[in-house]
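Open the model in your viewer and keep the selection panel at hand. The stops below go from whole chains down to single residues.

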Amino acid sequence: MSFQDLVARAQNWSKEQPWRLYGSQISILVRNEVSRNLRRRVWIYLLAFIPVLLILIHLMVGRHNLDVDQIEADTDVLAGIVQLYYFRLGTFFACMGIFTWLFRGEMVERTLHYQFLVPVRREVLVVGKFFAGAVVAIALFETAVLACFCLTYARFGAAGKSYVFDGPGLAQLGSYLLVTALACLGYGAVFLALSLLFKNPIVPGVVIMGWEVIAPIFPAWAQRLSVTFYLKHLCPVSLPLTGPLAIFTIVAEPVAPWIAVLGLLCLTIAILVLSCFLIHRLEITYTAE
Amino acid sequence: MTPDSRQIVFENVSKFYGEVLGVNKVNFSLEPGITSLVGPNGSGKTTLMNLMTGLIRPSRGAIYVLGLTPQQPIEFFRQVGFCTQFDSFPPGTNGYDFIYWPLRLHGFGADQAAKLTNEALERAGMGQVARRKVAGYSKGMRQRIRLAQAIAHHPSVLVLDEPLNGLDPMARSESIALFQAIAKQGMHVIISSHILEEVDRISDRVVLMSSGYVVAEGQIREVRREVRDHPMQILVRCSNASRLAAAAFELDHVVEAKILSDGQSVLVRTRDAEQFYLLLNKIVSGGFVEVDAVAPADDDVNSIYQYLIGSDGGQA
């Protein structure tokens, strides 16, 4: 079969698909899943807003040095919060909670069969649920990162305003928000796939976490299979870490930011395609749960 | 075999859960009408229904429902409604939303979905409580709201796993009338139930199952003929039960003649019912015994089921 034949087949297939129906089904799935997830995941709110609370407490009870040098120091603290807490712990565990629950939770609650008994392709179901999880995770963590950023610089008054709007502050905020969104997408896709592969995705989740930590010591091609590989290249502030913690900042092979963004999106799509295959293997056998 | 667009076809279907047999070598095809799956717990009724609707995949064989398979979900689930026996619901949902949102996933617009939702709620007798949370429903109400969801999109094939469980007599009677009305429109209604009397009354055909195998399938009387070798039971109520029992015993084809506790009835088990009826005529015309009533005691699903699988059909 020639390349032209393949293209023609793909075009025919595409024309036969009811894309409008898929779109409306995805929007309904997202609506239902978002309201369900936002209602029931209190600990994920905590995970997202713990640093915000800590910064707030620090502002209320601490003694503050408000000179310009302190802005640089606080910028490093904010970078540490975002890179060490949000990227490595907060979004990781929140995505584990949100995305593994999308299918496995419904198996535990014995309600997944309702999703399988409607005229919805299982691939559409995967995409709809993934988007729903992504909306919840991104909304929570972008709000939290934004709150951390505002609280960090607001106390400096005019100097803080100048750092944000005339200095590098706004670009840093943009990078943090982009990286937060990408982290949610990347980890989300990983945990969605794990929930379709394993009855208990917690243990493989811990293995993935270990892999994300030690990936920097592996060859460059292997590092590309980790989410943090791409995120690190997009972080606007380098952390001044030494000793064992320096492993979090190693960049073995620098890549351009746009390649990092594209790479993570490709990794996410590849894992979602795998999930679409896995969902076809899934059977409703609640007694085995 | 080419799948028929009006039939439900099982082609040599087997399902194993690891080493545990679900169903084995199931072959049959069903015409429109009410079909009942009968068998004890673990006989494979629910497995068969889950296979039919794609909730599980066959280990071997193929299933076609109106020529479609669950691998074509858009076309398939527009034709099929399945009321499972899983008594669980999405947390926080109310009766109306439970029906409305799946209809939206079917592709119905908001107005049409609302209209179909209200219609289904009325047909299931749930209109008054539709806005209440499902978590606050009684078992019978939960059963009926699942039924309403299964029929809301007007499927051509309605699969109902133990649909009469938990219903009070009035709701049961209304549900049966609903199944019959749906079947009269030329649709398939597949029911599993352990209430054999009701299955007997409403079914066009039965599929009898035991230990994962289909042991008989067809109209009730056809199934009865399939087990012709098994002695048939005839209950005779008469003035002299012991005399009748003694006369019956002299016939080769009578394997048992039991006088019942009322002292006026004899239960005869015979391999040749026609010969026994001839004897009965002779006895009556001879004036030895006055017969008040004669009735086949086992020409229903329950007794056929007992014959076939050597178990108490009432416990199925």
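## Chain A as a whole

Select chain A first: 37% of its 289 residues are buried. This is a predicted model, and every stop on the tour should be read that way. Colour chain A by secondary structure and 12 helices appear, with 0 strands. Along the principal axes, its C-alpha trace spans about 65 × 45 × 35 Å. Of the contacts in chain A between residues at least 6 apart in sequence, 85% join residues at least 24 apart.

## Where the chains meet

Now show both chains. The predictor gives the complex an ipTM of 0.84 and a pTM of 0.83. At the interface, 24 residues of chain B are in contact with 21 residues of chain A. On the chain B side, the elements that give two or more residues are α2 (73-79) and α3 (95-106). Select α3(B) to see the element that gives the most, with 5 residues. By type, the chain B side divides into 13 nonpolar, 8 polar and 3 charged residues.

## Chain B: domains and confidence

Hide chain A and colour chain B by domain. The domain assignment gives domain 1 (8-225) and domain 2 (227-315). Their C-alpha centres lie 38 Å apart.

Next, colour chain B by pLDDT. The mean is 87, and 91% of the residues reach 70 or more. Confidence is highest in α3(B), at 97, and lowest in helix α11 (residues 301-309), at a mean of 68. Over residues 312-316 of chain B the pLDDT is below 50, although this stretch has 14 contacts in the model beyond near neighbours in sequence. Where pLDDT is low, the predicted coordinates should not be read in detail.

## The six-stranded sheet

Select β5, β6, β7, β3, β8 and β9 of chain B: in that order they form an open sheet of 6 strands with mixed pairing. Which strands stand at the edges? They are β5 (80-83) and β9 of chain B; each has a single partner strand, so one side of each is left without a neighbour in the sheet. From one strand to the next, the twist averages 15°.

Strands of a sheet pair through backbone hydrogen bonds, either parallel or antiparallel. For an antiparallel case, look at β8(B) and β9(B), which pair over 5 bridges. Within that region, B:S210 has B:Y213 in β9(B) as its bridge partner.

Then add helix α5 (residues 139-151) of chain B, which packs on the sheet and touches β5 and β6 (157-161). The direction of α5 makes about 170° with that of β5(B).

## Strand β7 of chain B

Zoom in on β7 (residues 188-192) of chain B. How many of its 5 residues are buried? The count is 5 of the 5, so the strand is largely enclosed by the rest of the structure. In a regular strand the side chains alternate between the two faces of the sheet. For β7(B), B:H188, B:I190 and B:S192 are on one side, B:V189 and B:I191 are on the other, and all are buried.

Show the strands that pair with β7(B). Strand β3 (residues 33-38) of chain B runs parallel to β7(B) and is joined to it by 5 bridges. β6(B) is also parallel to β7(B), again with 5 bridges. Label B:S192 in β7(B): B:L37 stands opposite this residue, and B:D161 has B:S192 as its bridge partner.

## A buried methionine in α5

Return to helix α5 of chain B and select B:M141. B:M141 has 20 other C-beta atoms within 10 Å and is therefore buried. Leaving aside residues up to four places away in sequence, B:M141 touches B:M126 and B:V129. Draw a distance from its C-alpha atom to that of B:D168, 27 residues apart along the chain, and the separation is 9.9 Å.

## Two positive phi angles

The last stops are backbone details. Select B:N12, in strand β1 (residues 8-17) of chain B. Its phi is near 50°, a positive value in a residue other than glycine. B:N12 is partly exposed, with 13 other C-beta atoms within 10 Å.

Finish at B:S211, in the loop between β8 (205-210) and β9 (213-218) of chain B. B:S211 is not a glycine, yet its phi is positive at about 50°. Is B:S211 buried or partly exposed? B:S211 counts as partly exposed, with 14 C-beta neighbours inside 10 Å.

Methods: Residues numbered from 1 in each chain as written. Chains lettered and ligands numbered in written order. Predicted model: local features only at pLDDT ≥ 70, side-chain atom pairs only at ≥ 80, totals over all residues. Helix = DSSP H or I, 4+ residues; strand = E, 2+ residues; numbered from the N terminus. Buried ≥ 20, exposed ≤ 12 C-beta atoms within 10 Å, placed from the backbone. Contact = placed C-beta atoms within 7 Å. Domains from an automatic or database assignment. Nonpolar A, V, L, I, M, F, W, Y, C, P; charged D, E, K, R; others polar. Pairing = 2+ DSSP bridges. Axes fitted to C-alpha atoms, helices over the stretch in contact; angles between N-to-C directions. pLDDT = per-residue confidence, 0-100.
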